[in-house]
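Visitor: I would like to go through this structure with you, asking at each step what a term rests on.
Guide: Please do; here it is.

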Amino acid sequence: MSNTGFLEKKIEGLKDEGVYRKLPILEGANEAEVVLNGQKVINLSSNNYLGFANHPRLKKAAIEAVEKYGVGAGAVRTIIGNMDIHEELEEILAEFKKEEAVMVFQSGFNCNAGTIQAVTEKGDLIISDELNHASIIDGVKLSKADKAIFKHSDMEDLERVLKEKRENYNNVLIITDGVFSMDGDIAKLPEIVELAEKYNAMTYVDDAHGSGVLGKSGRGTVDHFNLHGRVDFTIGTLSKAIGVIGGYVATSKSAQEWLNHRGRPILFSTSLPPAAVGAIIEAVKILMETEEYTDKLWDNAKYFKEKLGKLGFNTGKSETPITPVIIGNEAESMEFSKKLKEEGVFVSAIVFPTVPKGTGRVRCMVTAGHTKEQLDRAVNAFEKVGKEMGII
Ligand code: PMP
């Protein structure tokens, strides 16, 4: 007999609230148009910003890496060591990000959870934006440092915390998302860096949604604001714009060496498989060769956002390709997503606890891979369902 009956009750609760979800099944690769449970739909739900997840050059590089290195890394790197392909990846990422060194983790989540914990200790203070990603929140929880939260992107509130608390601590680490994943707004990084310099604090930017999107050739938020050399830790994912899997921190050589000794996902979890590493290296090479993909992404995103705005949808304060359509009520957001799917548009509802209660939405992720014709069809579906439901 299982002892998990209490979970069944909790699931019933989710059903009562109208927020229970069955995961859709994707048949085939992640592209601009996909087959979901047998239905062809326009895909506005993936973080595959540049269309790299099914790019022929990345696939070829993955296959070549498998032929040469096999399918698994074999053990954690502190036991077996790195393969030369893992070293090559960290070097090319450091060059791309214009930073001294890079440490690659198995995911963006792991990278935040492992890095924050490793670079802070008792006697330190972490100051975190209230809307930072869940993996930052978990990383902060794992740290032995004290914690403080500042109001979202509110520089007066950040300075208030620094003024009140700075002198009581050894190191202080200010953490922010580069691009906030649910609203698409960009952190006020120049002001944060200035405050950090004024109060002698370190800075940490989770650029999961800025990498491959903002800055020259997608070098990220730090590049967008030309702050190279002034941010201590820049996190990126390899699962979104890069299209594969993994996360990394771009930082100083000494911080990278420290993470090699004290980053728990580095010490206790096996490195990325060679296929992923080969594909990621190829993706970075493409970005270093051309701005074609980032340009197309921004062009598509502006086109789509403008059309939704003209129809009267509330797309919030997004400054990036992340395009939320804010509904408010959780169940209504789920219903909106369901009806859009019936019209051939796949866009996930995002509800509590991913966003605060009462700010339910569907979040549209336009990519470089969409055609204008696909975006027009999606807009038409939004208009039809939006009118039917009285949202516009
Ligand atoms: N940080 C942010 C801001 C994210 O949006 C995500 C992904 N949802 C992550 C970290 C985790 O990245 P990954 O999916 O590579 O683990």
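Visitor: What makes the seven strands an open sheet, and in what order do they stand?
Guide: In this predicted model the order is E4-E10-E9-E8-E7-E5-E6, with mixed pairing, where strands are DSSP runs of E of at least two residues, helices are runs of H or I of at least four, both numbered from the N terminus, and two strands pair if DSSP finds at least two bridges between them. Strand E4 (101-105) and strand E6 (146-150) are the edge strands, each pairing on one side only. The twist averages 20 degrees from one strand to the next.

Visitor: How do you know that E8 and E9 pair?
Guide: Strand E8 (residues 202-206) and strand E9 (residues 233-237) are joined in the parallel sense over three bridges, and the definition asks for at least two, so the two strands count as paired. Valine 205 stands opposite threonine 234 in E9.

Visitor: Which strands does helix H10 touch?
Guide: Helix H10 (residues 253-262) packs on the sheet and touches E4, E9 and strand E10 (247-251), contact meaning heavy atoms within 4.5 Å. The direction of H10 makes about 30 degrees with that of E4, the axes being lines fitted to C-alpha atoms, for helices over the stretch in contact, with angles from 0 to 180 degrees between N-to-C directions.

Visitor: What are the conventions behind these values?
Guide: Residues are numbered from 1 along each chain as its sequence is written, and side-chain values use heavy atoms, leaving out hydrogens and water. As this is a predicted model, local features need pLDDT of at least 70 and side-chain atom pairs count only at pLDDT 80 or more, whereas totals for chains, interfaces and linings use all residues.

Visitor: Why is the pair of lysine 198 and glutamate 159 called a salt bridge?
Guide: The term requires a side-chain nitrogen of Lys or Arg within 4 Å of a carboxyl oxygen of Asp or Glu; the closest N and O atoms of lysine 198 and glutamate 159 are 2.7 Å apart, so the pair qualifies. This pair links distant parts of the chain, with lysine 198 in helix H8 (residues 189-198) and glutamate 159 in helix H7 (residues 155-165), 39 residues apart.

Visitor: Why is lysine 198 called exposed, and arginine 160 partly exposed?
Guide: Buried means under 20% relative accessible area, exposed over 50%, and partly exposed in between, with a 1.4 Å probe and protein chains only. Lysine 198 has 56% and is therefore exposed, whereas arginine 160, at 37%, is partly exposed. Glutamate 164, at 48%, also counts as partly exposed.

Visitor: How do you know that arginine 160 and glutamate 164 meet in a salt bridge?
Guide: Their N to O distance is 3.4 Å, and the definition therefore admits the pair. Both residues lie in helix H7, four residues apart, about one turn of the helix.

Visitor: What is the nearest side chain of opposite charge to aspartate 129?
Guide: Aspartate 129, found in strand E5 (residues 125-129), is buried, and the nearest such side chain, lysine 317, is 8.5 Å away; that distance does not meet the salt-bridge definition, so aspartate 129 has no salt bridge. For charge, Lys and Arg count as positive and Asp and Glu as negative, while His and the chain ends are not counted. Among the residues that aspartate 129 touches are Ile149, His152 and Phe180.

Note on methods:
Lists of a residue's contacts leave out its neighbours within four places in sequence.
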